[in-house]
Amino acid sequence: IDAGRIVTFNGYFELAWIYRLKPDKNVVEKLGLTPYRYVIARPEEAYAAYYPVERPRPTVLDVILEAVPEEYDIVVFPRYPSQTEYLKEKLRGRIIIPERSLDTRSLISYSALVITGGATFAQEAALMGVPSITYFPEPIYVTDDMASKGFPIHHVTDIWEARELGYNMMSKRSSNEVTQGLKSKE
């Protein structure tokens, strides 16, 4: 292998780990969740050099609490202990912070929405057909490419745009469920 050789391909890295996925509903049930009745959230970076905005606390929590209807649970994956501490202070009964590592791919596949300050969770979700929002404050060319191909991924550069988009998506989802009934559970 030539370490200096650059190889490009027309595709998405995330397909490598989701292509043959057979989602395990037990992952969802172990957390006490109902399939398609929860949202996954991942806060923005707080310390990474590539993240251009410093935030002392994860703003995704405020956005999610405003955007997600009460009948949905919220699973949050903090990046740092300081974020976990902040989130635990703000717990309002419907926020779950997994205590152990788990199969996030299965969890994502049964979620109603993924919202993240990064891109990986959102891109994985979109490739599985799960609506997703990233509020990374810089261009993300892979995300934009996915959106142009019709995957359900949205990239906004402002946390409040993410709140508005999430609210609209969840409101539409809730009203569709009321008028059409919930899809039958497998």
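The exercises below, each with a worked solution, lead through one predicted model of a protein chain.

Residues are numbered from 1 along each chain as its sequence is written. Because the model is predicted, local features need pLDDT of at least 70 and side-chain atom pairs count only at pLDDT 80 or more, while totals for chains, interfaces and linings use all residues, and side-chain values use heavy atoms, with hydrogens and water left out.

**Exercise 1. The chain as a whole**

Task: Find how many helices and strands the chain has, and in what order its elements run.

Solution: Begin with the elements, which are DSSP runs numbered from the N terminus, helices being H or I of at least four residues and strands E of at least two. The chain has eight helices and six strands, and from the N terminus on the order is α-α-β-α-β-α-β-α-β-α-β-α-β-α.

Next consider burial, where buried means under 20% relative accessible area, exposed means over 50%, and partly exposed lies in between (1.4 Å probe, protein chains only). Of the 186 residues in the chain, 45% are buried. The chain exposes about 10600 Å², of which carbon and sulfur atoms supply 51%; these areas come from the Shrake-Rupley method with a 1.4 Å probe, and for residues only the protein chains shown count as cover.

Last, look at contacts, meaning heavy atoms within 4.5 Å. Among contacts between residues at least 6 apart in sequence, 62% join residues at least 24 apart.

**Exercise 2. Two helices and their cover**

Task: Work out which residues of helix 4 are buried and which exposed residues are carried on the face turned away from them.

Solution: Start with the buried residues of helix 4 (residues 81–89), which are Gln 83, Tyr 86 and Leu 87. Seen down the helix axis, these residues fall within an arc of 95°, so they line one face of helix 4; the arc is that of the directions from the helix axis to the C-beta atoms. An α-helix has 3.6 residues a turn, so residues three or four places apart point the same way. Then turn to the face directed away from the buried side, which carries the exposed residues Pro 81, Glu 85 and Glu 89. Finally, ask what the buried residues of helix 4 pack against: helix 3 (60–67) and strand 2 (73–76).

Helix 6 (residues 120–127) is mostly covered, since seven of its eight residues are buried, among them Phe 121, Ala 122 and Leu 127. Gly 129, which follows helix 6, has a positive phi near 85°.

**Exercise 3. Aromatic rings**

Task: Describe the aromatic pair formed by Tyr 12 and Phe 151, and say which parts of the chain the pair ties together.

Solution: First fix the criterion, by which rings of Phe, Tyr and Trp (its six-membered ring) pair if their centres lie within 6.5 Å, planes under 30 degrees apart counting as stacked, over 60 as edge-to-face and the rest as tilted. A search of the whole structure finds four such pairs. The pair of Tyr 12 and Phe 151 is edge-to-face, with 6.2 Å centre to centre and 85° between the planes. Since Tyr 12 lies in the segment before helix 1 (15–18) and Phe 151 in the loop between helix 7 (141–148) and strand 6 (153–155), the pair ties together parts that are 139 residues apart in sequence. Tyr 12 is buried at 13% relative accessibility, whereas Phe 151, at 27%, is partly exposed.

Task: Determine which ring the charged end of Arg 42 sits over.

Solution: A charge sits over a ring if NZ of Lys or CZ of Arg is within 6 Å of the ring centre and within 35 degrees of the ring normal. For Arg 42 the ring is that of Phe 121, with the charged end 5.6 Å from its centre. Arg 37 lies over the face of Tyr 72, at 4.4 Å from the ring centre.

**Exercise 4. Thr 116 and Arg 105**

Task: Locate Thr 116 and Arg 105, and find which backbone oxygen each side chain reaches.

Solution: Apply the polar contact criterion, a pair of N or O atoms within 3.5 Å; within protein, one must be able to donate a hydrogen and the other to accept it, and residues adjacent in sequence count only if both atoms are side-chain atoms.

Thr 116 is found in strand 4 (residues 113–116) and is buried, at 1% relative accessibility. Its side chain reaches the backbone oxygen of Arg 42 at 3.5 Å.

Arg 105 belongs to helix 5 (residues 104–109) and is partly exposed, with a relative accessible area of 27%. A polar atom of the Arg 105 side chain lies 2.5 Å from the backbone oxygen of Trp 17.
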